[in-house]
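Here's a quick briefing to read with the model open in your viewer. It goes through the chain contact, the domains, a sheet and a couple of helix pairs.

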Amino acid sequence: MTATLPALGYADLGWLMDLQLGDDKHAASATSTLDVIWVLYDRILRIDPRRIDDPDRDRFLLSKGHGPMAYYAVLAAKGFIDIAALRTFGLYESPLGHHPDRNLVPGIEISSGSLGHGLGIAVGMALGLRARHSPARVFCLVGDAELEEGSNHEAIAFAGRAGLDRLACVVVDNRSSSLGWPGGIASRFAIESWSTATVDGRDHDGLEAALATRHEDRPHAVIAVVEPKA
Amino acid sequence: MTSVTNGPMRERFYATAADLVDTDPRVAVVIAEIGGAALFAAKRRHPDRVINVGIREQLMLGVAGGLALAGLRPIVHSYAPFVVERPFEMLKLDIGHQDAGAILASVGASYDSAASGRTHEAPEDVALVASLPGWSVYVPGHPDEAEQLLRASATTDERAYLRLAEQANAVPRSVERGHMIIERRGRVATVITVGPLLDPVLEATADLDVTVLYATTARPFDRDALRAARSPRVVLVEPYLAGTSSSEIAEALVDTPHRLLALGVPNVEHRRYGTWRDHNAVHGLDAAGIRARILPFLDAA
């Protein structure tokens, strides 16, 4: 955590990602999760890098731990991690691995990498916050291919039945699921009583409106559609 | 809900877990379509903290991890195969890798539901949990001990596996997390036994000049107690996979020449039904079977 928050914006995320990779192969437009994570941290989440242990903070869970460069770039831009640490990406002594570890980086809510774990943890987190009467929300980002893991569907079914209003799942859809989702991804959530919104995953205003939506009696799914994975 | 006969240790667990939910606002119980009357009554009083996720064992562990990260103390409960084996990666990642705490309380032990066959047997559960870093493993031998261990663990944030069984010893001991109890002192060998196999071991060794150590904490293994016994002959009698704690004994006695006889459930597809008593007898884990294998070990040079 930095003492003084950096004054960095969306336009800085490109070079912050380049710091991690040492080149410019991964421009912002090539990173499927970048805009969703930016909008969450810039406009939605009630969190402060100076109070990362606030029990009533909103939680962001990157379930799809693969390719966390965009995540680290946003965390650096928002003052959760030192920009200098980005240069150590993947090194033995670095806190920033190719999959995030919450125990190495204060502010990262879950350690992830193996697919299909984040949403179940998010359900438990939302249940715990509800039991504690906390107003905090839980946002969990998964990928469209990650949804192939059956554990997600245990979580989707239960969260709907439990009416977990403080839970939101963002599915970044870059059509990387080999077998696809006949009927659409949103329908998998809707049939389990989630509210759903399908939006352009690069449209910040559209993402903000979709992510800010909260119903009193059900969890919310946002399908953020981006360009197909090359 | 799963329809089986609940033994006294299991009923004590339900009553104790319900009391913990009533008295400690941190405690939450997560189940997957299993439970007893006391727990269901607690669910009616505390619907936010007694959570039945349905037959979704991966979710059961994920929910536990999330509850812990939100500041609660989750107690997860199901049959051993469904709380350890099916969601094993969730133990590793959703609990351990997050550095979250939880108590996993299983029933069924190695073959309490032997009539249900292999699908409901889990003699390998302790070895699996012990293969992950930072887990305590408790194997009570009496309902009173199960309650003592559960209540003690509930006050911490540790990762714990509490293994409940139908088989129980006649008289409870006053147990303490992490420590073996010296049941008897002798000169020829040290016999270490775990949980519900204490009574059969005491019967099997009644006339033998052996030290008997009683463990209800399988991990961390009480190496100090074994070293203090100072015996070059060690017999390990475990109610789960044979040899589960052999490496612990090797570590404890790394600088001491010793011989080890490790008794437990053999690593085979047994393909027989019946009761836990039938299986204990076949595997040599009743008093007669234990004695029959200890005697030649002690006689050997």
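Axes here are lines fitted to C-alpha atoms, for helices over the stretch in contact, and angles run from 0 to 180 degrees between N-to-C directions. Keep in mind that this is a predicted model. With that in hand, take the helix pair in chain A: the axes of helix H1 (residues 13-21) and helix H3 (residues 69-77) of chain A come within 9 Å and cross at roughly 120°.

**Helix pair in chain A**
- That crossing angle makes H1(A) oblique to H3(A), because angles that are neither under 35 degrees, over 145, nor 65 to 115 count as oblique.
- As for handedness, H1(A) goes past H3(A) in a right-handed crossing.
- On the H1(A) side, the residues in play are A:Leu13, A:Leu16, A:Met17, A:Gln20 and A:Leu21.
- They meet a set in H3(A) that includes A:Met69, A:Tyr72, A:Val74 and A:Ala77.
- Sort the contact of H1(A) with H3(A) by class and you get 11 nonpolar residues, 1 polar and no charged ones.

**Helix pair in chain B**
- Over in chain B, helix H1 (residues 8-23) and helix H2 (residues 37-45) have axes that come within 8 Å and cross at roughly 15°.
- H1(B) is therefore roughly parallel to H2(B).
- The H1(B) and H2(B) crossing is left-handed.
- H1(B) brings B:Tyr14, B:Ala15, B:Ala17, B:Ala18, B:Val21 and B:Asp22 to the contact, while H2(B) brings B:Ala38, B:Leu39, B:Ala41, B:Ala42 and B:Arg45.
- By class, the contact of H1(B) with H2(B) has 9 nonpolar residues, 2 charged and no polar.

**Where the chains touch**
- How many residues of chain B are in contact with chain A? There are 25 of them, and they touch 23 residues of chain A.
- Helix H3 (57-69) and helix H5 (88-97) of chain B each put at least two residues into the side of chain B that touches chain A.
- H3(B) has the largest share of that side, with 9 residues.
- The side of chain B that touches chain A splits into 11 nonpolar, 8 polar and 6 charged residues.

**Two domains in chain B**
- Chain B is cut into domain 1 (8-163) and domain 2 (181-299).
- Their C-alpha centres sit 26 Å apart.
- Between them, 23 residues of domain 1 of chain B are in contact with 21 residues of domain 2 of chain B.
- On the domain 1 side, the elements giving two or more residues are helix H6 (125-130), strand E5 (135-138) and helix H7 (143-154) of chain B.
- That side of domain 1 of chain B has 14 nonpolar, 4 polar and 5 charged residues.

**An open sheet in chain B**
- Five strands of chain B make an open sheet in the order E7-E9-E8-E11-E12, with mixed pairing.
- Why is one side of strand E7 (181-184) and of strand E12 (259-265) of chain B left without a neighbour in the sheet? Both stand at the edges, each with a single partner strand, so one side of each has no neighbour there.
- On average, neighbouring strands of this sheet are turned by 20° against each other, direction ignored.
- Strand E11 (residues 233-241) of chain B runs parallel to E12(B), and 6 bridges join the two.
- To find this pairing in the viewer, look for B:Arg233, which stands opposite B:Arg259 in E12(B).

Terms used. Residues numbered from 1 in each chain as written. Chains lettered and ligands numbered in written order. Predicted model: local features only at pLDDT ≥ 70, side-chain atom pairs only at ≥ 80, totals over all residues. Contact = placed C-beta atoms within 7 Å. Helix = DSSP H or I, 4+ residues; strand = E, 2+ residues; numbered from the N terminus. Nonpolar A, V, L, I, M, F, W, Y, C, P; charged D, E, K, R; others polar. Domains from an automatic or database assignment. Pairing = 2+ DSSP bridges. Left-handed = near helix turned anticlockwise from the far one by under 90°.
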